[in-house]
Amino acid sequence: MSKALQEKINELFDATKDLRNLEEIKVQCDRFNEWVNTSTNYSHATLGTKLSAYGFYKKFKSISLEQDKNAVSIAKHNADGTVKGYELKHYATVLCGLDKEQWNERNQTTRVIDRLENSTEIDPDRYLETTGKLLTSEDPHELAVGLIAATGRRPHEIIARAKFTAIADKPYHVMFTGQGKKRGETPVFEIATLYPADCVIKSLARLRKEPSTIALLKEVKAQFSKSETRQNVEIDNRRGQSLRRVVRAFYGDKGDNTPVLAFRHGESQHNNKALRAAYAVLATERDCKGGYGAKILHASRILGHFTPEKQDDRVLGKLSTSVGYSDYFVTKPVRFAEVENEKVGNVKAYASDLEKIKELQEAWKLPTQRDVMRRLLMEAQYVQALERELVEVREKTAELQKNLAISKNEMDQLRLENQKLRQEKEKMSQLHQQLKEEKEVMDQQSQVTDVENNGDSRIDNLEIQMAQMMAMMQQIISSGSAVKATVEESLAPVAARKQPTPKQEIDWESIPNDQLKGMKANGAVEEKIYRAFRAIAQYNDSAPSNDDRWYIGSTTLSQVSGCNRGTIADWIKTHELTVNDHNNKYGLGQYHNKRHKRIEITDLIGLWEKDDFSSKVLPVDNKSKKITSLPVSATTLDIIDYLGSHPNESVQIKSDGKKLTYERVNDERGHMKAARIVETGEEISA
């Protein structure tokens, strides 16, 4: 479940990191909370701990936070409940991590409903007149607001991204590209314009050629060269205040009794979203004569909310976003606005060109030759736009080729370094094998030396004892009967003497956990540590990846068994081969457990439950699937420990030129009871 939660956190972060709108962020948070509440059993407190452990809050702290765009100010309180300050938090950290009841309470809002129930009328003539003035302005901020009001596009789309292309026989429509908030998609669709398309295209060209606009785009591109989304956010931030000032100055501000555009319900001042909502209702009322549903669908298309490549009823849910822009209405007809009539000039042409103009006039079915010239100019602008796009594509292609060459060089260098590392690894492996063989030879020599020394020592002791016994015999012969009695008593049979009662052996493995936990005897302590080792090893064997596994050392064994680290260190030294073999099997190093931040191993592995520990051990088939060779120096205890922690393996030891194979023997409950020598059938009790 931990891996699934980590994946959902990453999905939520990727889906919301570039969003700057509460409604859009809430949609993603709603999906996340729904998954948590239906697919997990975390309590509210546990979920908060898990989110923190998997870096949920740390991820969203790395995002640039903006008040009322992607973040909200939350009050911080003292112990007595008084407010000590405020902290800016990302919407996702506020909206996620809630149980079903809390989530339902948080989602109960009527802001959009209140706005729709308090809709406001627009005078289309006043709105169009004001928009026409702004389209002819020389001020770049006023010109940008005029384009927003006439096309319904967002500020960063008008200033940097939008491209308008004329459509034949549709003088009040253009093909639009450059929509924001699509996260990798590049839709191209038709939109309406409240003023003639050629006027809008010319006005956009004037805005893009304005020096301050050119400087702004250059600075933003240099600042965020790798993220177009961050560029869009920066453009909105740097031009937002100036554009809102123009909206309030021309369309109405606080205290204005007769504004061109009344405030939307719940809004304290005008902004560019109000122009977008006004554009949607005016363009829809002018061009769509269908019913209510057709008008909502039309508005959703020109706003860019509903732009599927294939028509499909399953995506009609996106129309709900367009409903939020439907709080304006009109009762007067919306006219096709005209630009001021321009003076007619004379253009001289060659006779052959004039004939061509007449042919085009007839083919295009235009009323005058002036209309032919205008259309030719519009198509020339379209060609220029295509040429600019071609230049941009070539520049991007050249940049990509350059980056590709750099990446190729880096890959070549990495291959060389990788080859060197492999060679060094092979050398290290050979050196390690050589040292291992030398160590085995030294261990064998040490054992031979110990045996020789022990033999010499025993011979010396026997000679001393023989000398003492000879002296005693001489004394007995010369001492008479009294001494004889004493000697006879001293030489009485050993069987007649009182023998000490043999100490009873305890089967520690059969003692349940709840009894073993409080025992302090040496055998009990060793059994606790051994059970802790088996519990961690079994957990690692069933874990899906190394991110979930634990390095077995004195710390983890102490936490699970409850024994002191000094005793555990001695146990690890005795069973070093078994412990190292398990850690090496998964490549677990002594610093591996640092990745388990804020997670205790006892939260995952509980040893001291009231049920018998042995009941948690799965039965093991006596037939081993793998034979592992152990060094000659391995003891019988090492063999038993290895078979106990590797239920599906046998071990083999070469001694005096012979190979002996040891396999695990289980009892009826699947516990290991002995190790059997395959070649002789002899069993060694575990």
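Modeller: A residue counts as buried when its relative accessible area is under 20%. The model discussed here is predicted.

Colleague: Is aspartate 198 buried or exposed?

Modeller: Aspartate 198 lies in helix 11, which covers residues 197–209. Its relative accessible area is 13%. The cut-off is under 20%, so aspartate 198 is buried.

Colleague: Which residues does aspartate 198 contact, leaving aside its neighbours within four places in sequence?

Modeller: Aspartate 198 belongs to helix 11. Beyond those neighbours in sequence, its contacts are Arg374 and Met378.

Colleague: How far apart are the end C-alpha atoms of helix 11, and what span should its 13 residues have?

Modeller: The end C-alpha atoms of helix 11 are 19 Å apart. At 1.5 Å a residue, the expected span agrees with this, because the 13 residues should cover 18 Å.

Colleague: Which helix gives the largest share of the largest nonpolar core?

Modeller: This core has 55 residues, and Tyr127, Phe164, Tyr251, Leu261 and Leu275 touch the most other members. Its largest share is nine residues, from residues 272–287, which form helix 14.

Colleague: Which residues does leucine 275 contact, leaving aside its neighbours within four places in sequence?

Modeller: Leucine 275 is among the core residues that touch the most other members. Outside its neighbours in sequence, leucine 275 is in contact with Val145, Ile148, Ala149, Val247, Tyr127, Tyr251 and Leu261.

Colleague: With which side chain does the side chain of glutamine 652 make a polar contact?

Modeller: Glutamine 652 sits in strand 9, residues 649–655. Among the residues it touches are Ile627, Lys659 and Thr661. The polar contact, at 3.1 Å, is with the side chain of threonine 661.

Conventions. Residues are numbered from 1 along each chain as its sequence is written. This is a predicted model: local features need pLDDT of at least 70, side-chain atom pairs count only at pLDDT 80 or more; totals for chains, interfaces and linings use all residues. Side-chain values use heavy atoms; hydrogens and water are left out. Helices (H or I, at least four residues) and strands (E, at least two) are DSSP runs, numbered from the N terminus. Buried means under 20% relative accessible area, exposed over 50%, partly exposed in between (1.4 Å probe, protein chains only). Contact means heavy atoms within 4.5 Å. A nonpolar core is a set of buried Ala, Val, Leu, Ile, Met, Phe, Trp, Tyr and Cys residues joined through side-chain atoms within 4.5 Å. A polar contact is a pair of N or O atoms within 3.5 Å; within protein, one must be able to donate a hydrogen and the other to accept it, and residues adjacent in sequence count only if both atoms are side-chain atoms. The expected span of a helix is 1.5 Å times one less than its number of residues.
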